[in-house]
Amino acid sequence: MMGPNNMLEIKRLNRTKIWEWVVLSLMLASPFLFAERAMMINEIAITALFAISLDLILGYSGIVSLGHAAFFGWGVYAAGIFSKLVNPDPIVGLIVVMGSSLVLGLICSLTILRGSDLTRLMVTLGVSLIGLELANQLRDLTGGADGLQGVVMAPIFGVFEFDLSAKVASIYSVLICVLVLVFVRRLVRSPFGFGLVAIRDNSLRARAVGLNVSHRLMVIYAISASLAGLSGALLAQTTGFASLDVFSFDRSADVMLMLVIGGVGWLYGGVLGAAVFKLIQSQLSSITPQYWMFWIGLFLVILVLTGRDRIKEWFAGVSA
Amino acid sequence: MLTLLFDGVAYGMLLFVLSVGLSVTLGLMNFINLAHGAFAMMGGYCMVYLFSHLQVPFLICLPVVFVLIALLGAFMERVLYRRMYNKSHLDQVLFSIGLSFMSVATMDYFVGSSQQTLVLPEWLQGRHEWGQDPWTLGVGNYRLFIVLLCAVLTMILQTGLSKTRFGSQLRASVDDPTVASGLGIPVNKIFLLTFAVGSGLAGLGGALGAEILSIEPMFPLKYMIYFLIVVAVGGTSSITGPLYASMLLGVADVFGKYYIPQFGGFIVYVLMIVILLWRPQGLFTKGVKR
């Protein structure tokens, strides 16, 4: 039972803060403010979306997944192939990919209901590796190791054509990223979202107060998969290319790292993490392209040793 | 047919040596160490360096590599890993991914990304064949050597864990560290030693596998999944579970790659997922815990 104080608390939480408006409008303005870096903005928006989708299961529901790239990769290839063979309209493509990843996520969610963290880790990793194998072997459809080439998109709504400078692409991705952010914000602050947090903190008690744990986990996993697929689709549509590395372990690890940099279980963590990660990556890899991996590794180790709640705490004053 | 089976068994034995250390840290100490492959890779590099460059005899190389990697493991445990035991699984995963990334880049920096090759001494080269055509058993000397060595190692480990004082102290420390230390068991030392032996075994596995698995900087990430499969499928409560699991994996992998090369990896992953869904605690565990 929720007392009146809790209800007030929830209402207070649900009110959109001023700084949130600022962040969202900054995001929307970014393609125009940094028009010459449109490529970068596009990439950040896509990875931010991917990170948000992971946060839904990792941060809000406590499912440690090492294979979220499975859905991302599915989105990339599904969007690419769909536009090539069926219909080049980007919006239709997005809807189809989201629907199909939702179904895929629902099926895969059956695999994460049982077992310990290790089992989940293995199963999610296994699913993404199966995706990698399939994309590699179904050469006729996916282009195998050469990647899927020649994806040409129709203009959005038949008006806005994707151009080489990625201006339209970046506006398109950022807009969708913001829409998703608003949706996810609503989702995690609904009774459903609070239920997820309860399950994450103590699934036994959550069950005892009458939450249907399996059902909720399945739903959130499917939603998360569909958002990951959406971000993959954006990548395929805006770059017109798909390669095998979208399924790779590195990609799952990278997105987890971004989320951890930004803060797990915090709505804007994914966005912040993706922006920081991509900017550092572009800086560092221009200095030492090969050994970028070393610095991520070192960063991770230090981050965990010092406690990864620190970064979140810096923002705690703001987000509270 | 029989040759394939034997190769599979040898491969499985190798996987067992590589991953038994992980099954100890993961199962007994409940620590998800994704950087286990890094120790194996270090072992492989040490082996190549000692044997090919310094010309140390093969049979001396193996124990030397074991000791070196065990020392490295002990050092890492003391400095880094010990702080991680009580953290959440997510932290452990991040931490060990970080370590493996670092090891990959470091080896790339010092040795280069090319694959290291190991030329075996003459007495381990060559192979014998027995039997008629459909049932020919071809046994490579080196694979036979691996199988024998691993069998001996398994027996030592099994007795070590179940019969000796150290083994019972370890099991006690894992069940309840607080009570164990209350009874005067030096829990930290036991964990340190266990971790060292585990990583030493990984190093030994890397050294033995240098000829078969190909040692390169990406090794830790490439084989991580295999180690994890062995541990997850074999369960973590015994030595024999991972042993059977690695045999199964080795044979499945070799057969899969031989008969349906396009889908070799695919079969292994599907098999793993199915097994884990069916028995989330591992295939070879008695009863269901937790």
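This report describes how chain B meets chain A in a predicted model.

Residues are numbered from 1 along each chain as its sequence is written, and chains are lettered from A in the order in which they are written. Local features need pLDDT of at least 70 and side-chain atom pairs count only at pLDDT 80 or more, whereas totals for chains, interfaces and linings use all residues, and side-chain values use heavy atoms, without hydrogens and water.

For chain B the mean pLDDT (the predictor's confidence in each residue, from 0 to 100) is 79, and 89% of its residues reach 70 or more. The complex as a whole receives an ipTM of 0.74 and a pTM of 0.82 from the predictor.

Contact, which requires heavy atoms within 4.5 Å, links 42 residues of chain B with 41 residues of chain A. Together the two chains bury about 3800 Å², 82% of it on carbon and sulfur atoms; buried area is the accessible area (1.4 Å probe) that two parts lose on being put together, summed over both. Within chain B, the residues that lose the most area to chain A are B:Leu90, B:Leu94 and B:Phe101, which together account for 17% of what that side buries.

Three helices of chain B (DSSP runs of H or I, at least four residues, numbered from the N terminus) each supply at least two residues of the side that touches chain A.

| Helix of chain B | Residue range |
|---|---|
| α4 | residues 89-111 |
| α9 | residues 219-234 |
| α11 | residues 264-278 |

Of the helices, α4(B) gives the most to this side, with 16 residues.
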